[in-house]
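Work through the exercises below with the coordinates open. Each task is followed by a stepwise solution.

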Amino acid sequence: MANEVILLDTWASMFGMRARIALAEKSVKYEYKEEDLRNKSPLLLQMNPIHNKIPVLIHNGKSIRESAIIVQYIDEVWNDKASFMPSDPYERAQARFWVDYSDKKVYDTWKKMWLSKGEEYEEGKMELISIFKTLEGALSDKLFYGGDTFGFLDIGLIPFYSWFYAFETYGNFKMETECPKLMAWTKRCMEKR
């Protein structure tokens, strides 16, 4: 059977970045199809008829949707390299929890801050900083969220780094000051390749 892999994505998507990072980590060759989110392709609508959103991984004609699920699928299918997931069931559950936490908290809080003014803006800003401090606490003193190795939670969180400048600029704060361990982690992740 052919091993046809297509990724429907858009360059700026944090969630699409997860899939691209996972594919790169596993050295999977794939075809990238840039989607215009204002004019969605028939292929995207066919492969993700429920949400009509990116990213979508198409593997041998079958679609996998939702970025965290895509990363887990890549890890399971291309298992000739080190697993993204911890071997311990509790640690796997923790990794899934923190990816879910970041998905539910970061974007919605950023959007709340971005669309508000005055006291609501300040509350949103403080909540966003608090979320990143919580994520920094989960990192603890480890090199990566996966311990000594770059794993599922690292793949889940590092794409948010691409938005840190926007968070800092609009929020008028510095991630380096607020979350120095988290920023050291981002540098390790960026130097990894």
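Buried means under 20% relative accessible area, exposed over 50%, and partly exposed in between, with a 1.4 Å probe and protein chains only. The model is predicted: local features need pLDDT of at least 70, side-chain atom pairs count only at pLDDT 80 or more, and totals for chains, interfaces and linings use all residues. Residues are numbered from 1 along each chain as its sequence is written, and side-chain values use heavy atoms, without hydrogens or water.

**Exercise 1.** Classify S116 as buried or exposed, and find its partners.

*Solution.*
Step 1. Locate S116: it sits in the loop between α4 and α5. Helices here are DSSP runs (H or I, at least four residues), numbered from the N terminus.
Step 2. Apply the accessibility cut-off. S116 is buried because its relative accessibility is 6%.
Step 3. Look for polar contacts (N or O atoms within 3.5 Å; within protein, one able to donate a hydrogen and the other to accept it; residues adjacent in sequence count only if both atoms are side-chain atoms). The S116 side chain reaches the backbone oxygen of K112 at 2.8 Å. A polar atom of that side chain lies 3.3 Å from the backbone oxygen of M113.
Step 4. Leave aside neighbours within four places in sequence. S116 then contacts Y121 and Y170 (heavy atoms within 4.5 Å).

**Exercise 2.** Describe how α4 packs on α7.

*Solution.*
Step 1. Fit axes to C-alpha atoms over the stretch in contact; angles run from 0 to 180 degrees between N-to-C directions. The axes of α4 (residues 89-114) and α7 (residues 164-171) come within 11 Å and cross at roughly 30 degrees.
Step 2. List the contact. α4 supplies V106, W110, M113 and W114; α7 supplies A166, F167, Y170 and G171.
Step 3. Sort by class (nonpolar: Ala, Val, Leu, Ile, Met, Phe, Trp, Tyr, Cys and Pro; charged: Asp, Glu, Lys and Arg; polar: the others, Gly among them). The result is 7 nonpolar, 1 polar and no charged residues.

**Exercise 3.** Repeat the analysis for α5 and α7.

*Solution.*
Step 1. The axes of α5 (residues 118-139) and α7 come within 11 Å and cross at roughly 145 degrees.
Step 2. Y121, K125, L128 and F132 of α5 meet F164, F167, Y170 and G171 of α7.
Step 3. The class count for α5 with α7 is 6 nonpolar, 1 polar and 1 charged.

**Exercise 4.** Which domains are assigned, and how far apart are their C-alpha centres?

*Solution.*
Step 1. Take the bounds from the automatic or database domain assignment. It gives domain 1 (5-77) and domain 2 (89-191).
Step 2. Their C-alpha centres lie 23 Å apart.
Step 3. The contact takes 11 residues from domain 1 and 13 from domain 2.

Notes: Helices (H or I, at least four residues) and strands (E, at least two) are DSSP runs, numbered from the N terminus.
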